[in-house]
Amino acid sequence: MAETSFDLIVVGGGPGGYVAAIRAAQLGMKTALVEREQLGGICLNWGCIPTKALLRSSEINHLLHHLEDFGFSAKDVSFDAGKVVARSRTVAKQLSNGVAYLLRKNKVTVFDGHGHLAGRGRLAITKDSNAIAELSSEHIVLATGARARSLPGLEPDGERVWTYKEAMVPPAIPKSLLVVGSGAIGIEFASFYRDMGAEVTVVEVLDRVLPVEDEEISAFARKSFEKQGIEIHTGASVSAVEQIGDSVTARIAADGKTLETNVERVVLAVGIVGNVEDIGLENTGVVVERTHVVVDEWLRTGEPGIYAIGDLVGPPWLAHKASHEGVICVEHIAGVNDVHPLDVRNIPACTYCRPQVASVGLTEKAARDAGFEVRVGHFPFIGNGKAIALGEPEGMVKTVFDSKTGELLGAHMIGAEVTELIQGYTIAKTLETTEAELIRTIFPHPTLSETMHEAVLDAYGRAIHF
């Protein structure tokens, strides 16, 4: 008979849940994790990881069609969509198996089933409608994640209108595609399919693409995407769709006008909703607002002993934010002395389109709106030797400082490998670094990271190469 009494129970095995469970086990807590589908959650199986594998393939396809720029030539360059998809699924499976190993290594008891709160300190587990266990614990962490939002009249059918799941496993690359939504998910799919040869149209209801990014970065990104041949409509919405045969005709409303576009497939990327249903919240003090659970700075809900982390508790919807919340939540439960609440201003965001986009902290507008007097620096990739040598001169780095204290308020980047570079600014913000330390820091040459140094120097009128 499996053990049913635990110090901590985690419901959901995504990047928030499995990290919380492992950290709890490290702290000496007898821990159980309940997962109804695949360990690693959406991120590892249907999100962050497999999409990066797909984007790597599309990057290679793009480079293969520009071999002459590097002195090479090749004939009959082609790809097999089935093999591209199969590789991404293999990568996801490998990492899911890795999570299972880590949980075993840390002696976390894993239950395969659906968890449902069954009263104070109790969790019932079912599998295929059959009861398999009832667990007890003083502390239950909900990490049930979220799912794709749909729009009235544009509900996904899995065939012509896709969510991210169908978009990741296409039987073939469609000749044309409409992406509804230009946040990170929408733009990554737009970038992937365009580099794989599809004609891509993007519709965004707000006034710019990547609307949570700094306005200058959004404008730069739009120009780059349009230069690649992506058609973009902002301040627009899809008013109606009609499925005819194996294609979709969509009516796009923008600027008081309506235009029609005919595409083979539509990808919905209009946000997510929290998985709050059927987990037993009804008779508890847990508060749900707009499909997300309300928590305090220690991830406690309104019900004693019940906590929530990750996408379930709202934006930013990022795997690394969920993991960090899991650690904070568990360490606070365990009474760790130096645990600190999450500061969302220090959470980096990355979009793996071409060119990549990354940021941390306040945009220039947000900083000014918050009352800061700011100093702003810029540096273009075209002024960087490594970027030119790589054949990647398209990009920019922007920094925002408090002009009174020198505090780094925000950093915003677009260009090759900026998703790898942003951690430098994230560390600087976490350490509460000012411009003085950043200016004195020696950056290696030749590297893309030199653009980061120059963008700091520029904010203070000291840029060397610009």
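Biologist: Before we get to Glu-204, what counts as a strand here?
Modeller: Strands are DSSP runs of at least two residues marked E, numbered from the N terminus. Keep in mind that this is a predicted model.

Biologist: Okay, which strand is Glu-204 in?
Modeller: Glu-204 lies in S11, which covers residues 199-204.

Biologist: Is Glu-204 buried or exposed, and what about a salt bridge?
Modeller: Glu-204 is buried and has no salt bridge. The nearest side chain of opposite charge is Arg-208, 9.2 Å away. A salt bridge needs the charged atoms within 4 Å.

Biologist: Then what polar partners does the Glu-204 side chain have?
Modeller: Its side chain makes a polar contact with the side chain of Ser-182 at 2.8 Å. The backbone nitrogen of Leu-206 also lies 2.9 Å from a polar atom of the Glu-204 side chain.

Biologist: What else does Glu-204 touch, further off in sequence?
Modeller: Leaving out residues up to four places away, its contacts include Gly-181, Pro-211, His-233 and Ala-236.

Biologist: Switching to helix H6, how many of its residues are buried?
Modeller: 10 of its 12 residues are, so by the under 20% cut-off H6 is mostly covered. Among them are Phe-189, Tyr-193 and Arg-194.

Biologist: And what is the span between the ends of H6?
Modeller: The end C-alpha atoms are 16 Å apart, which agrees with the 16 Å expected at 1.5 Å a residue. Just after H6, Gly-197 has a positive phi of about 110 degrees.

Biologist: Last one: how do S5 and S6 pair?
Modeller: They run antiparallel over six bridges, with Ala-124 opposite Glu-134 in S6. They form a hairpin with two residues between them, and Asp-128 in the turn has a positive phi of about 55 degrees.

Definitions and conventions. Residues numbered from 1 in each chain as written. Predicted model: local features only at pLDDT ≥ 70, side-chain atom pairs only at ≥ 80, totals over all residues. Heavy atoms only, no water. Helix = DSSP H or I, 4+ residues; strand = E, 2+ residues; numbered from the N terminus. Buried < 20%, exposed > 50% of the residue type's maximum accessible area, 1.4 Å probe, protein only. Lys, Arg positive; Asp, Glu negative; His and termini not counted. Polar contact = N/O pair within 3.5 Å; in protein donor to acceptor, adjacent residues only side chain to side chain. Contact = heavy atoms within 4.5 Å. Pairing = 2+ DSSP bridges. Expected span 1.5 Å × (residues − 1).
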